[in-house]
Amino acid sequence: VCFIPGGLDCSISFVSHVLGKVCVHGRQEEILSVLLPRLTDLTKSDCIWQRICWRLVECVPDRWMEAVVLGLVQRVPGADVLSRLLGNLVVKNKKAQFVVTQKVLLLQYGHSTSVLQNLLGYLSLDSLRRALLIKVLLELLETWGSSSAVKHSPPEQQRYISKAILICLSHLKEHEIESCRQELLTNMMEGVKCHLDSSLPQIRYLGMIVAESISSKVNTDGPVLKFQYEEDDEVRELKSLLVQTPPSCVVPSLPDDDRNEKADSALPSVLESNKKSHTAAPVMPDDESDAELDSDDDLIPYDMSEDKELKVKAPVYVRDCIEVLAGSEDVEKWEAAVKALESLVRKNPAATREVSVELAKILLHLEEKTCIEGFGELRQRAQVAVLTTDPIPVAKYLTSQFYSLNYSLRQRIDILDVLVLAAQELSCPKSHGKTKHSGAQKPCIQLLPGSDSSKDWRRIVDERIKSKTRRFAVGRSQVELAAVPNEFSSVAGHFFFPLIQHFDRPLTTFDLLGEDHLVLGRLVHTLAILMYLAVNTVAVTAMGRALLEFVWALRFHTDSYVRQGLLSCISSVLLSVPKERLLEDVTEELLETQSWLGDVVEKDPDGDCRRLALQNLLLMENLKKKLLTVPS
């Protein structure tokens with residue numbers, strides 16, 4: 001910073017032009033790393049230097065104003081420093097006001113939380129700028145509560161806007177909140193509905209946290225909104241933004257001697273306060289304590305130390321479980337039947353096949369009567385056991401019920417989860433077999449008493465040598481699996497085709513293409529998994545063709561979770577259908593899909609969708625190379 005000699009008047013517009021020119025050419029780091037610390041020190045206590053800084057920034061031409069303001073906002077150590085450097089620039093200059101109140105907050109979302117705190121804290125530090133703070137908050141809430149913005153903007157931008165809203169709320173005063181109370185409540189109700197309708201958990205969490213924060217600020221005396229969600233580091237970080245940090249919150253570190261002296265001086269006061277707290281405890285008179293004694297205390301308690309809890313005998317047959325689960329009012333019997341059902345089904349496959357559909361129906365409608373630990377998992381495992389034991393009739397029943405009336409969304413999602421888990425179990429070979437080589441595991445030698453005969457000495461010595469020997473390039477242990485047929489191969493069509501048939505037929509209480517897009521997203525992901533597990537099956541080509549047509553019909557869906565599932569379906573088709581069948585049977589569908597994937601990579605707002613589309617394009621390119629290298 002150049003000093004003005006002799007107290008003469010001079011213009012600093014030339015310096016402003018130089019600053020703007022340097023910043024607009026991407027050299028903010030070089031110039032501001034030197035200029036900013038010096039100006040920060042000079043403006044701490046000198047109001048003349050503050051006015052010089054204001055004039056310096058005000059004289060920057062509008063075409064360079066954005067680069068200068070962004071450079072300062074990103075590098076200042078706090079909002080108070082930014083206020084000293086910029087003054088009321090956002091009130092005087094329209095370009096600076098647009099950058100601060102519109103571009104940084106609504107059109108960009110890559111800035112850090114400290115930048116948001118600097119920017120919004122700067123708006124809150126002057127009475128002329130606080131009107132802009134309220135205006136910014138209402139515009140942020142309008143964007144946050146827009147259903148179109150929630151559907152089409154990436155989660156990162158929605159998290160960025162939510163942080164800005166929470167920081168604005170931390171700076172508002174009571175009379176300011178009261179002046180715009182109705183607008184805050186209206187935007188909160190619209191926004192929380194849009195966020196709770198989203199299929200992505202992180203978007204729902206953002207809606208809950210912001211709605212809770214607005215409700216706590218608006219309804220200080222009355223009841224407030226409260227949602228149930230798991231608190232992780234991200235949730236705690238968002239909630240911490242509601243607590244306004246003072247501008248100078250860094251406490252200078254004390255030397256060791258001073259720190260020890262302060263600690264020693266604080267110790268007697270703590271001991272003294274503890275002593276006072278102990279002596280201040282009221283002592284109850286003996287008369288009052290005797291009066292509170294109940295006359296029943298003289299009775300001698302009955303000795304129940306040797307009593308044993310009577311345990312209900314678990315059912316032995318599958319039909320017994322059906323009778324208990326269908327109509328028994330005995331809670332203990334009901335709990336025993338729920339816990340024993342899976343093992344009974346797997347041990348008695350023949351008896352299960354006789355009542356498989358009836359049992360599947362009971363489990364689908366089964367509700368928790370008591371607070372039994374892990375009830376959802378027990379019920380799901382029993383459903384999977386029934387489905388794997390008798391796949392075709394049970395799969396027909398479950399897939400038909402998925403599109404039936406009078407089912408909750410939770411039950412429909414449970415059907416999809418059970419189909420996926422059963423398909424995984426049927427498609428994987430059973431892990432029977434003998435170990436071929438166990439180089440990765442150290443042998444455990446156990447000498448039983450009385451087994452010190454001379455017959456076992458060579459085995460013991462060999463195992464000890466093996467445990468002490470280091471081997472290189474041996475590799476992992478390999479389990480030699482028995483050659484068994486893929487049980488999912490013959491039933492894959494019964495799992496897949498009924499689910500894909502009626503997705504476009506709305507029911508009175510169920511509309512997949514409408515408001516029930518969460519279930520549609522789960523359905524799409526389920527179809528992708530079933531397609532992937534159907535590799536090397538007879539029906540895989542027909543399944544692939546049907547799935548490509550299904551994807552093509554839903555490719556422009558507005559929900560990002562659904563689009564992610566559609567792109568996973570493309571990956572499953574490319575990985576499961578033989579490349580020769582892809583080239584001969586679905587050539588046109590693949591060409592159309594390739595063109596659509598290119599558009600997704602370039603234009604989709606969701607980062608996961610762009611990544612999945614790029615992976616699919618790479619898979620297609622690899623398949624093309626393999627087909628070209630195959631000798632004719």
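A colleague and a modeller talk through how some labels in this predicted model were reached.

Colleague: Before we start, what are the ground rules for this model?

Modeller: It is a predicted model, where local features need pLDDT of at least 70 and side-chain atom pairs count only at pLDDT 80 or more, while totals for chains, interfaces and linings use all residues. Residues are numbered from 1 along each chain as its sequence is written, and side-chain values use heavy atoms, with hydrogens and water left out.

Colleague: Good. What makes up the secondary structure of the protein?

Modeller: There are 32 helices and two strands; both are DSSP runs numbered from the N terminus, helices being H or I with at least four residues and strands being E with at least two.

Colleague: Why is Thr-399 called buried?

Modeller: Buried means under 20% relative accessible area, exposed means over 50%, and partly exposed lies in between, using a 1.4 Å probe and protein chains only. Thr-399 has 3%, so it counts as buried. Its place is in helix 23 (residues 391-402), and, leaving aside neighbours within four places in sequence, Thr-399 is in contact (heavy atoms within 4.5 Å) with Leu-419, His-494, Phe-495, Pro-498 and Leu-499.

Colleague: And why is Leu-575 called partly exposed?

Modeller: Leu-575 has 47% relative accessibility, so it counts as partly exposed. This residue of helix 29 (residues 560-576) is in contact with Tyr-532, Val-535 and Leu-619, again leaving aside neighbours within four places in sequence.

Colleague: Across the whole protein, what share of residues is buried?

Modeller: Buried residues make up 41% of the 632 residues.

Colleague: How do you know that the length of helix 2 agrees with its residue count?

Modeller: The expected span is 1.5 Å times one less than the number of residues. Helix 2 (residues 28-42) has 15 residues and should therefore span 21 Å; its end C-alpha atoms are 20 Å apart, which agrees.

Colleague: What makes you speak of a kink in helix 2?

Modeller: The bend at a residue is the angle between axes fitted to the seven residues ending there and the seven starting there. At Leu-35 the kink is about 25°, shortly before the proline Pro-37.

Colleague: Which helices do the buried residues of helix 2 pack against?

Modeller: They pack against helix 1 (13-24), helix 3 (47-58), helix 4 (62-75) and helix 5 (79-86). Leu-32, Leu-35, Leu-36 and Leu-39 are among the buried residues, and these leucines also help to line the largest cavity.

Colleague: What makes a space a cavity?

Modeller: On a 1 Å grid over the protein atoms alone, a cavity is a set of points where a 1.4 Å probe fits but cannot get out, and lining residues have an atom within 4 Å of a point. The search finds four cavities of 30 Å³ or more, and the largest holds about 90 Å³, a volume being the space filled by probe spheres set on grid points joined across faces, edges and corners. Helix 2 gives the most to the lining of the largest cavity, with four residues.

Colleague: How do the linings of the largest and second largest cavities divide by residue type?

Modeller: Ala, Val, Leu, Ile, Met, Phe, Trp, Tyr, Cys and Pro count as nonpolar, Asp, Glu, Lys and Arg as charged, and the others, Gly among them, as polar. The largest cavity has 11 nonpolar, no polar and no charged lining residues. The second largest, of about 60 Å³, has four nonpolar, four polar and no charged.

Note on methods. On a 1 Å grid over the protein atoms alone, a cavity is a set of points where a 1.4 Å probe fits but cannot get out, and a pocket is an open set with protein on both sides within 12 Å along at least five of seven lines; lining residues have an atom within 4 Å of a point.
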